[in-house]
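This briefing describes the architecture of one protein chain and its ligand site. Please keep the sequence and the structure in view while reading.

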Amino acid sequence: MTDRESTTCMRCAVGCGYRQRDADEGRGVVDVRGDEAHPTNGGSTCSRGVRETVDPGGERVTEPLIRRGGELRPADWDTALGTVAVRIIEALREGNDNVAVLGSGQQTNEAAYALGKLARGGFGTRYYDANTTLCMASAVRAYVQAFGSDAPPPTYEDVPEAETHVIWGANPKIAHPVLYRWIADSAGDGGELIVVDPVESETAADADLHVRPEPGTDLALARAALAAAVDEGLVDREFVERHTEGFEAMVGSLPDVDVAAETAGVPADRVSELAAAFDSRTLVYWGMGVNQSVQGTGTARSLIDLCLATGNLGPGSGPFSLTGQANSMGNRVCASKSSWPGYRAFDDVADRKAIAREWGVPMTRLPDSSGPGFVRIVDELARGNVDVCWTVATNPVAGVPDSGHVRAALEDGFLIVQDAFRSDTAELADVVLPAATWGESEGTVMNMERRVSRVTAAREPPEGVRRDVDIIGAVADRVVPELFESTRLDPEALFDEVAALTRGTTADFSGISYERLAEELAVRWPAPDADGEGGYRYYNEDDADPWSFRTDSGRARFSNASHEGVPEPIDAEYPLTLTTGRRPDAYNTGVRTRMDADGDGGETTARLHPETIADNLTAFDRGRTVVESRRSAVAVEATPDADVPPGLVWLPVHNPAANELTLSAADPESAEPNLKQCAVGLSAPDRGVADPVDERRASGADSLP
Ligand code: SF4
């Protein structure tokens, strides 16, 4: 048995420090406990994080697999890597964009950086993205547009300082348990907790005020609250005049409070109560309920506008998006996904030159745009514009809307799946590369408040399994051998390389090293020097003018988006609204938890209000029904649940059954898909699941985008 070592929980982006201990053999670690010395959590943990770490579910892939005769069959590493390399080289002969690479917020910074460098600097493809676009892209665009740089301004240290906590479109009691404990403690200590969510979630059940908009109308509600704040004299004129721009244009674009409240399905007096919350020191947290919308960026900006207008920026207040995956932020900062390392802009000539020089590649190989994003890359696959797709630690068949379309797109080309577990996507692969998982890899992650900390290997990967950076290095060695200095990529050297690339940027962490992390355990960026770390962003209380935003003017910017309606309204044929949310026992796309959650029958459970069931009684048979959308139909177990409003069908997010039904409309600014709302109907299970879809497709009513 190994000694107990410091590491970081990879189950969510709170980023709790653990002390782990492992047996010499077996799957999970023997045990983990909270690290009392860790600056992020001070020893706190949650049962979910510990349980999933110690006893992970899911079926491991323990040897490379190659499809032969229609079946995935075991192969040796040389054959698998050789096959992958040949197919990539052949595809690149037809053009750089003929290879797509899809990464993940589950990767370490080092693996994400290596994959991004290979995709952008080695292959030169525009078609590189990560599944973080499916959850955080709208928040990212909003921060960049408002402040000139990504990442939330506050830190966890601001949570106990806030007087009011507004949680919008998120359920942190389930998704971020340790952070939620801090929020609940603060709210319970004379503060106030306000939750905005169509559903009475576990978090909403604790709220002092629960505001329930119609799904897909968050922007209307946010603008109504902003209009009410202006009407009711809650504007902090001094802050607005000294530190912002675009206020008058924003005010000119605001809707009438009553009209916007009605659009959101919220009584006007509730909107006034919501606006009044911003008359105290307020933190606004938001999650996928805001981001996963065709107007996710506009909605996130409106929440930022609420903070700016009421002077709620500064310690104990501000906009604080809640990140899901453990290393979503690290992926954004390191991976060359939507910007070059350190948030360097794709179209900035000086930055492109610097990246090309550091990587030793011609500037002409670097793509001139960050590409169309995850969902539209799948469309390019479907159109036959991409021959090879390589997924790393991501499961698009379950996580991307309109699964039928995704499955068809991935089946069309040559699919390489690099993963630790058998997933829905791995089942479609031409080659599966078995990867190490948490507890078997060295690296670092960044939590949602910008803290970098180490993940460490408690044990060797199972025989036949390789670490992500080793697999990426081996592919690079066969396709672009000059890209990396060594075939065997060293995590610490990769960290130093990407840290150096952030020097002088808005996400400068060049002052962080493995050596420093061994001593301090976690350091928050910006950290340009070997001591000190970042605090509240854009703010320095010691300066005469404490605010300095990364915009051209140095001021924060207001927005003026307005609600434009949902992309798929209900109608006579599809009279109900489907929404999705996090289930307490589910983890990401559920490859490790779905069997437990779905039970022996393997069917997904839909939550419906008893009135919805009563109104559709003929669609139910022994607790089952078929949920139909314009794209597909799925049989589900139905459970009556008065926490879900009438007219709503609730299914688990990032679940293949739910995503058979969802539509692939995405926010044009962020490329984040509209996973929270589409129109559905119910039918009796004995009609057969496939029939409704087959009928519509046969009639030509449905076509792929
Ligand atoms: S809150 Fe998140 S990071 Fe912390 S122990 Fe729980 S799952 Fe892990």
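Which residues does Pro461 touch, not counting residues up to four places away in sequence? They are Ala436, Glu440, Arg466 and Arg467. The model is a predicted one, and the points below move from the surroundings of this proline to the whole chain, its domains, its core and its ligand.

**Pro461 and its surroundings**
- Pro461 sits in the loop between β18 (451-455) and α19.
- Pro461 is classed as buried because 20 other C-beta atoms lie within 10 Å, and the threshold for that class is 20 or more.
- Val375 is 86 residues away from Pro461 along the chain, and the C-alpha atoms of the two are separated by 32 Å.

**Overall form of the chain**
- The protein chain has 705 residues and a radius of gyration of 24 Å, which agrees with the value near 27 Å for a compact globule.
- Along its principal axes, the C-alpha trace spans about 70 × 70 × 50 Å.
- The secondary structure consists of 25 helices and 26 strands.
- Of the 705 residues, 62% are buried.
- Among contacts with a separation of 6 or more, 73% join residues that are 24 or more positions apart.

**Domains**
- The domain assignment divides the protein chain into domain 1 (5-54), domain 2 (65-134 + 336-438 + 462-507), domain 3 (137-321) and domain 4 (576-698).
- Domain 2 is thus assigned in three segments, 65-134, 336-438 and 462-507.
- The C-alpha centres of domain 1 and domain 3 are 32 Å apart.
- Eight residues from domain 1 and six residues from domain 3 take part in the contact between these two domains.
- On the side of domain 1 that touches domain 3, there are four nonpolar, three polar and one charged residues.

**Ligand shell**
- The ligand is surrounded by 13 residues, of which Cys9, Cys12, Cys16, Cys46 and Gly49 are the closest.
- By class, the shell contains seven nonpolar, four polar and two charged residues.
- Domain 1 (5-54) and domain 3 (137-321) each contribute at least three residues to the shell.
- Helices α1 (47-54) and α6 (177-188) each provide at least two residues of the shell.

**Nonpolar core**
- In soluble globular proteins, nonpolar side chains tend to be buried together.
- The largest nonpolar core has 208 residues, and within it Ala224, Ala225 and Val627 touch the most other members.
- Helix α7 (residues 218-231) contributes the most to this core, with ten residues.
- Apart from neighbours within four places in sequence, Ala225 is in contact with Val271, Leu274, Ala275 and Leu306.

**Helix α20**
- In helix α20 (residues 491-501), the buried residues are Pro491, Leu494, Phe495, Glu497, Val498, Ala499 and Leu501.
- An α-helix has 3.6 residues a turn, so residues three or four places apart point the same way.
- The buried residues of α20 pack against the helices α3 (109-123), α14 (328-334), α15 (349-359), α19 (468-479) and α21 (514-520), and also against the strand β17 (443-446).

**Backbone features and loops**
- Most residues other than glycine have a negative phi, and most peptide bonds are trans.
- Leu521, in the loop between α21 and β19, has a positive phi near 70°.
- Leu521 counts as buried because 20 other C-beta atoms lie within 10 Å.
- Tyr538, in the loop between β19 and β20, also has a positive phi, near 65°.
- Tyr538 has 21 C-beta neighbours inside 10 Å and therefore counts as buried.
- Trp525 and Pro526 are joined by a cis peptide bond with omega of about 5°, and Pro526 is located in the loop between β19 and β20.
- Ala544 lies in the loop between β19 (522-524) and β20 (556-557).
- Ala544 is exposed because 5 other C-beta atoms lie within 10 Å, whereas the exposed class allows 12 or fewer.
- The C-alpha atoms of Ala544 and Ser369 are separated by 39 Å, and the two residues are 175 residues apart along the chain.

How values were computed: Residues numbered from 1 in each chain as written. Predicted model: local features only at pLDDT ≥ 70, side-chain atom pairs only at ≥ 80, totals over all residues. Domains from an automatic or database assignment. Contact = placed C-beta atoms within 7 Å. Nonpolar A, V, L, I, M, F, W, Y, C, P; charged D, E, K, R; others polar. Core = buried A, V, L, I, M, F, W, Y, C linked by C-beta atoms within 7 Å. Helix = DSSP H or I, 4+ residues; strand = E, 2+ residues; numbered from the N terminus. Rg over C-alpha atoms; globule rule 2.2 N^0.38 Å. Near = placed C-beta within 6 Å.
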